[in-house]
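Hello,

Here is the structure I promised to pass on to you. Please have it open while you read the notes underneath.

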Amino acid sequence: MDLDALTDARRAEWERLDQLGRSRRLSGAEIDELVTRYRAASADLADIKTTAGRTAEGDYVSLLLARARRRLTGRGENPLRQIPRFFLWQLPAALYRLRWTTLAVAGLFVVVATVVATWISRDPALVASLGSQVQLEYYADVEFEGYYSENPAAVFAGTVWTNNAWIAAQSVLFGITGIWPVMVLVQNAVAVGTAAAVLAAFDRIDTFFLFILPHGQLELTCVFVAVAAGLHLFWSWVAPGPRTRGEALASEGRALATVAIGLVFALAVAGVIEGFVTAQAWPWALKIGIGTAALAAFLVYMLVVGRRAVRAGETGDLTEFHTGTPRLWSGG
């Protein structure tokens, strides 16, 4: 196909489509004409993309079609119809792209928490700096366990869910700074390490792990994913590649906002486990097994379903149908 010849032959038809797409009022005959020209331009766009790939002419026709589509439909697509695609393709693809960064973030968290716990627990002076002997002993023997049962289960689950969801959302959305997600990770690692150190100082380290593992496996994984997403957002404008920084930031921002929304649901599950399972007088093997099963389900969704979605061409971003062509090119 000769692209220049096609452009010369179709220029008048495309200009007419542009005119109809911009018109505020259309007669019945003009609406029929708009539909006819929309179909013809769609066929032209298919020919251009098939034979020439991404071109300025193709972007121009794509823009005309988007405008005509909005003119014909009059309103946006029913968002409820997007729910299956969101959960089956868009969200798992966005999560899958974060897998290696999430692993690195998890490793950093474990190292920081372990160093803090070891450092404090081995130095009686550091332990003493955290509070009086009576206060620390009360925390290790009563308060740490009581935290999980001092409020009604539903209230407690809702509280930890909203708190953790807010932390995850901040890590993603403020990730553009490059500092905020790292700060969130380090703060949580230090807090976990300090709590472990206090319980270890009173020979209660087993209690620490028994009460953390049921809900903490999924909860901490969600934090790791959120931090990874924030770092990806930061890197998108530091090293945008062939895209402009604005294009890279917009694309990654849309995809990673998808992650933030998805983590709200995962953290809801973690909140339910923390509120209704952790404090129960059940066998620890059962409680930890429930937490492990929840984490396994999340990882299967992230790695298996996500891999399938990425192989199908998904990135977690919106489709061109919804975003329009990202750039118009000028030139001869």
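Below are some notes on confidence, the largest pocket and the salt bridges.

This is a predicted model, so local features need pLDDT of at least 70 and side-chain atom pairs count only at pLDDT 80 or more, while totals for chains, interfaces and linings use all residues. Residues are numbered from 1 along each chain as its sequence is written, and side-chain values use heavy atoms, with hydrogens and water left out.

Confidence first. The mean pLDDT (the predictor's confidence in each residue, from 0 to 100) of the chain is 88, and 92% of its residues reach 70 or more. Among the elements, helix H12 (residues 284-311) has the highest mean, 97, and helix H13 (residues 320-323) the lowest, 44. Helices here are DSSP runs of H or I with at least four residues, numbered from the N terminus. Over residues 319-332 the pLDDT is below 50, and beyond near neighbours in sequence this stretch has 28 contacts (heavy atoms within 4.5 Å) in the model. Where pLDDT is low, the predicted coordinates should not be read in detail.

Next, the salt bridges (a side-chain nitrogen of Lys or Arg within 4 Å of a carboxyl oxygen of Asp or Glu). The whole structure holds 10 of them. One joins Arg85 and Glu314 at 2.9 Å, N to O; this pair links distant parts of the chain, with Arg85 in helix H4 (residues 83-96) and Glu314 in the loop between H12 and H13, 229 residues apart. Arg85 counts as buried at 17% relative accessibility, and Glu314 counts as buried at 16%. Buried means under 20% relative accessible area, exposed over 50%, and partly exposed in between, with a 1.4 Å probe and protein chains only.

Glu252 and Arg97 meet in another salt bridge, at 2.7 Å, N to O. Glu252 is buried, at 9%, whereas Arg97 is partly exposed, at 28%. In helix H1 (residues 3-22), Asp8 and Arg11 are three residues apart, so about one helical turn separates them; their side chains form a salt bridge of 3.2 Å, N to O. Asp8 is exposed, at 51%, and Arg11 partly exposed, at 39%. Arg16, Glu33 and Arg37 are linked in a network of salt bridges.

Finally, Gly216 sits in helix H10 and is buried, with a relative accessible area of 5%. Gly216 and Gly253 are 37 residues apart in sequence and 27 Å apart in space, C-alpha to C-alpha.The largest pocket (an open set of points on a 1 Å grid where a 1.4 Å probe fits, with protein on both sides within 12 Å along at least five of seven lines; lining residues have an atom within 4 Å of a point) is lined by 24 residues.

Methods
Helix = DSSP H or I, 4+ residues; strand = E, 2+ residues; numbered from the N terminus.
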